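Please open the model in your viewer and keep the selection panel at hand. The tour below moves from one selection to the next and says what is found at each stop.

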Amino acid sequence: MASRLWLLLSAGLLVAACEAGRQMPKLSEKKLCADSECSHPILIARALQDFYPGDCRFIPIRQGQLVYVYAMLKGRGNLFWAGSVQDSYYGEQEARIGHFPSSVVEETHALTPASTEVKTTVSETHVCV
């Protein structure tokens, strides 16, 4: 009985591990940032509505939250921005940068022009880890 339970748990963990490393369609080849490392925010936006992501490349956003935008995808992914939510929602956790549809936020403060074009990496727009 115990070995059967162990076998079922092991199989479940293996499936979960494979699912976590799955490759997703790449969102975009390039993005616009304030600098070559995309380390400075371009603008601050406020969420107009809740956004619940469908995969690990995206971040959840709740209506009214402030979002610091670090990159705007170009080309076929131009409907998406990358940023982080900065408020008590994360508590003690470090804020995570992820993608979200630009249509769920409105710009409130321009900070730095998005004048630097940067290639996207496979891990940020293509693979769920």
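Begin by selecting Glu117, which counts as partly exposed at a relative accessibility of 41%, and bear in mind throughout that this is a predicted model. Add Lys74 to the selection: the side chains of these two residues meet in a salt bridge, with N and O 2.5 Å apart. Lys74, like its partner, falls into the partly exposed class, here with a relative accessible area of 30%, because that class begins at 20% and ends at 50%. The pair links distant parts of the chain, since Lys74 sits in the loop between E3 and E4 while Glu117 belongs to strand E7 (residues 116-119), 43 residues away in sequence.

Salt bridges that share partners also join Lys26, Glu29 and Arg76 into one network, which is the next thing to select. Within this network, Glu29 forms a salt bridge with Lys26, where the closest N and O atoms are 3.5 Å apart, and Arg76 forms another with Glu29, where the corresponding distance is 3.9 Å. Arg76 lies in the loop between E3 and E4, and Glu29 in the loop between helix H1 (2-20) and strand E1 (30-33), so this pair ties together parts that are 47 residues apart in sequence. How do the three residues of the network differ in exposure? Lys26 is buried, with a relative accessible area of 18%, Glu29 is partly exposed at 47%, and Arg76 is exposed at 60%. For the model as a whole, the count comes to 5 salt bridges.

Turn now to the aromatic residues, and select Phe51, Phe58 and Phe80, which form one aromatic cluster; the structure holds 3 aromatic pairs. The rings of Phe51 and Phe58 have centres 6.1 Å apart and planes at 65 degrees, so this pair is edge-to-face. Both of these residues are buried, Phe51 at 15% relative accessibility and Phe58 at 8%. From Phe58, move on to Phe80: the centres of these two rings are 5.3 Å apart and their planes stand at 65 degrees, so this pair too is edge-to-face. Here again distant parts of the chain are linked, with Phe58 in the loop between E2 and E3 and Phe80 in strand E4, 22 residues apart. Phe80 itself is partly exposed, with a relative accessible area of 22%.

The tour continues in the interior. In soluble globular proteins, nonpolar side chains tend to be buried together. The largest nonpolar core of this model has 19 residues, and those with the most contacts inside it are Leu43, Ile61, Val67, Val69, Trp81, Phe100 and Val105. To see where this core is drawn from, colour strand E2 (43-47), strand E3 (66-73) and strand E4 (80-85), each of which supplies at least two of its residues; E3 gives the most, with 4 residues.

Which residues does Ile61 contact, once its neighbours within four places in sequence are left aside? Selecting them brings up Ala47, Gln49, Asp50, Phe51, Val67, Val85, Phe100 and Val104, a list that includes Phe51 from the aromatic cluster.

As a last stop, select Cys33, Cys38, Ala71 and Val118, which are among the 5 residues of a second, separate core.

How values were computed. Residues are numbered from 1 along each chain as its sequence is written. This is a predicted model: local features need pLDDT of at least 70, side-chain atom pairs count only at pLDDT 80 or more; totals for chains, interfaces and linings use all residues. Side-chain values use heavy atoms; hydrogens and water are left out. A nonpolar core is a set of buried Ala, Val, Leu, Ile, Met, Phe, Trp, Tyr and Cys residues joined through side-chain atoms within 4.5 Å. Buried means under 20% relative accessible area, exposed over 50%, partly exposed in between (1.4 Å probe, protein chains only). Contact means heavy atoms within 4.5 Å. A salt bridge is a side-chain nitrogen of Lys or Arg within 4 Å of a carboxyl oxygen of Asp or Glu. Rings of Phe, Tyr and Trp (its six-membered ring) pair if their centres lie within 6.5 Å; planes under 30 degrees apart count as stacked, over 60 as edge-to-face and the rest as tilted.
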